[in-house]
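Hi,

Here is the structure I promised to pass on. Have a look first, and my notes on what turned up follow below.

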Amino acid sequence: MIQLPQQLVKIGAQARTKDEAIAQVAGLLAANGNVDPGYVEGMRARETQANTYLGNGIAIPHGTPESRHLIRQTGIAVVQLPGGVQWGDEDEPVHLVIGIAAASDEHLQILRRLTRVLGDEALVEKLWVTTDPADIQEALTGERPAASAPLGEARQPEQAQQLQTGSAAAAVRRETAPGELPFAAQVTLPNPQGMHARPATMLAGIVKKSGARVRLSKGEGKGADATKLMEMLSLGLTQGTLVTVSSDNEATLKAVTDAIRTGLGDDLSAPSAAAQTKPQRREPDWVPAQVGATVEGVPAADGLVVGYTRQHAPRALEVKDTPGGDPVAEAERLDTALKAAHTELLNLIDDVQARFGADKAAIFRAHQELLADEGTVQDAVARILDGHGAAWAYQQATGERVLQLQKLDDPTLAARAVDLSDVQRRVLRWLLGLGEDRVETGGPVILLAPDLTPSDTARLGPDSLLGFVTAQGGPTSHTAIIARGLGLPAVVAAGAGLLDIPDGTHAILDGAAGRLYLNPSAADVTGAQERQGVLAREREAARAARHEPGATSDGQRVEVAANINRAADAEGALDAGAEGVGLMRTEFLFLERDSVPTEDEQEQEYRAMAAAMEGRPLIIRTLDIGGDKEVPYLGLAREDNSFLGIRGIRLCFERPDLFLPQLRAVARVANDHPNVHLMFPMIATLEDFRRAQAMFDEVRRELDTPRIPLGVMIEVPSAALIADELAQEVDFFSVGTNDLTQYTLAMDRLHPQLARQTDAMHPAVLKLIKLTVDAAERHGKWVGVCGGAAGDDVGALVLAGLGVKELSVSTPQVATVKAALRRRSAEDLRRLAAEALAQPNAEAVRALVKG
Ligand code: PEP
Ligand code: MG
């Protein structure tokens, strides 16, 4: 919350001219140490460019962008002129002069409040003449000071003297260049991927918490403020760079250099970004004999496809500069757009995580950091205060930073320019009132584009694309990483000539070779198709047999169900061969909207899902909110360790207002659909299950509905360890390997550096699953798996070998999992599982299958 201490409010002042009024308000800011005395010139210059009169007798003078370096700390000051002063050509006199020194985005709050104040004429008129500064403080900050000093005291000479002393102390800390901060040290950046968004965010957090000033620089450059993400990224600090860290506080300097030295949370043993994500360019093992032309790019994702090309030019966003608008309203618009973009990203993160995994979702978490970058928002707001529209201001502020990033030598860091452009476009779409970007392909094509944003790519899928080639981009771009997750061949950095290829050109795309062959001869097309043949035949056989029951070659049943969240996806899942729904994540009902769905709305959705299953089992999981699944409108408290906090069933116990309506909706549906099962997430103790069961029993009694199968998710190690006790009371278990792995290995499932190690095939995780299966068997209960490992080509086999009876996977995996099971006998899988349990690590387990 922005502060407006009493010494920054001057009551009962007089000014003969606007210039005098500005001098007074600038004087208050200077006396309080918010600005250098020279800032008044910036304020005057600003008035010559545009009028800062807002209406209702209020003006908001502020400095030009050129004078921003004179701001030491964000602040506002108010000069009340009961007698008024003429402001430019305005007819009305100004009674409240609100001087703004905008060095951070905190003053968005003030502008928001101002909108409300402006709309309340009675309040404004009171503020013109009040003799109590607390009235003004309250109106602008929303908080009334605890004990408001009597009128006049704020301007007692002694107090003014103290303020002067305070400002003198602040002036010592003033920074004009990095070297002027008194303490400095050098440290070599150890991060394999350089100073990218995540470590920079962590560093900014440390510095902000300390309250000290810290700059980073390399060589002679002007350096970056270590609280500003974009400034730090723009330095292009790569692994091994000698970084000069300077600060005004010796202890902070030490804390910062120590944090940098130890990697700021990055895995320092990880290979460099390029080595980690770049597919190796292989000698093409198939080359066409006679093609019209070959476009060479950089391999980004493997695969060979034959098809027709289609150009994709992103819709240009037309942003006009319309100076002279209402800065308050424009700042409000920007604020709303930033919030909307944040929510959109939250949904995208969930979606990408469900479809492609945590490491891909982390890409969009970094987008959230870029969106929240203080420096960028400050810059945009400063432009708004200069009279520009929100869209133009934001485009300029982000555009400058995109250019800076593009200029970096290091390709991995330069590739982040695409990420920032993506964020920019997301916010601009909101500001311009445009709908979601759509990549229209008009059918499966080889898409050619100048570049694709990570968001574009996340929206694409095999239905609309065979593969893609971009003129720009790099193999380490997030776009390329997502393409690999989609299983689509992709080539990047193919050069601008790509964009001249007419739509409908016949082509072969070889992702592994990084080549696009145009107008191939018929013989070459045949050759390429033959190469695709073997794999395609395998895929096709799997598809053809998708409706057969899931079973091993010797007929031991392993049900293969789908994880789907909406009734609308049921048809697709059944068509793909799903034998039921093993996990309906009901939190998606909550995540996809901006208010809590009512009991009736929930009932409708569960009923539609239950009916669509036509008697096949449906496992509805109660709300699993918390951890990574944030529902902004629930206003839940932030937690330091959200995965270890109030999530899943724990949140439901805390919030019966959410839990009970859901239980009632399920009970009603189950009354008519005996295929409905209910399952509780994040069960850690026997008491958790008993409490949830008791609440459901109470609801059933109230509604007079029948008993239904009740299960618990095994996703906390303690639940696996007490599986024997739990198995006596539950009807079934479903193992959530995503969480069970993170809690067993103590590796955050969203941690991009740990993602490769967070593998459910680790024998420690497999041992817990074995405990669970053995306990369930002793009590005649069954175990399913609905975490990601169930759909993994190794995981499905090992889990079935451990005795798991149901694998619930994403829809596209149903046919391939069934086919994999069919290729092995039950005995074979049991042996595999036994061997897996004896391996030292996950790689060794995977090697048992992959060789
Ligand atoms: C899991 O943890 O494996 C699981 C299926 O639940 P979610 O991914 O929704 O946390
Ligand atoms: Mg889970």
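Let's start with the shell around ligand 1: its residues divide into three nonpolar, four polar and eight charged. For that split, Ala, Val, Leu, Ile, Met, Phe, Trp, Tyr, Cys and Pro count as nonpolar, Asp, Glu, Lys and Arg as charged, and the others, Gly among them, as polar.

Before going further, some housekeeping. This is a predicted model, where local features need pLDDT of at least 70 and side-chain atom pairs count only at pLDDT 80 or more, while totals for chains, interfaces and linings use all residues. Residues are numbered from 1 along each chain as its sequence is written, chains are lettered from A and ligands numbered from 1 in the order in which they are written, and side-chain values use heavy atoms, with hydrogens and water left out.

**Ligand 1**

There are 15 residues around ligand 1, and Arg585, Arg621, Lys629, Asn738 and Arg749 come nearest (a residue is near if one of its heavy atoms lies within 4 Å). The backbone joins in too, through polar contacts (pairs of N or O atoms within 3.5 Å; within protein, one must be able to donate a hydrogen and the other to accept it, and residues adjacent in sequence count only if both atoms are side-chain atoms). A polar backbone atom of Asn738 is 2.8 Å from an oxygen atom of ligand 1. For Thr737, a backbone N or O atom lies 3.1 Å from a ligand 1 oxygen, and for Gly736 that distance is 3.4 Å.

How much of ligand 1 does the protein cover? Of the 290 Å² of accessible area that ligand 1 has on its own, 99% is covered (Shrake-Rupley method, 1.4 Å probe; for residues, only the protein chains shown count as cover). Strand 19 (581-585) and helix 28 (737-745) are the elements that give two or more residues to the shell, and helix 28 provides the largest share, three residues. Helices (H or I, at least four residues) and strands (E, at least two) are DSSP runs, numbered from the N terminus.

**Salt bridges**

Searching the whole structure gives 52 salt bridges (a side-chain nitrogen of Lys or Arg within 4 Å of a carboxyl oxygen of Asp or Glu). Side chains of opposite charge can pair when their charged atoms come close.

Here are a few pairs to click on. Glu827 and Arg830 form a salt bridge at 3.2 Å, N to O; both lie in helix 32 (residues 826-837), three residues apart, about one turn of the helix. Glu827 is partly exposed at 37% relative accessibility, and Arg830 is partly exposed at 41% (buried means under 20% relative accessible area, exposed over 50%, partly exposed in between, with a 1.4 Å probe and protein chains only). Asp569 meets Arg566 at 3.2 Å, N to O, with relative accessibilities of 30% for Asp569 and 28% for Arg566. Arg557 and Glu559 are bridged at 3.9 Å, N to O.

There is also a salt-bridge network linking Glu599, Glu603, Arg607, Arg664, Arg668, Asp672 and Glu702.

**A sheet to look at**

Four strands make an open, antiparallel sheet in the order 6-9-7-8 (strands pair if DSSP finds at least two bridges between them). Strand 6 (183-188) and strand 8 (224-225) are the edges, each pairing on one side only. Strand 7 (residues 214-217) and strand 9 (residues 242-247) run antiparallel and are joined by four bridges, with Val214 opposite Ser247 in strand 9.

Cheers
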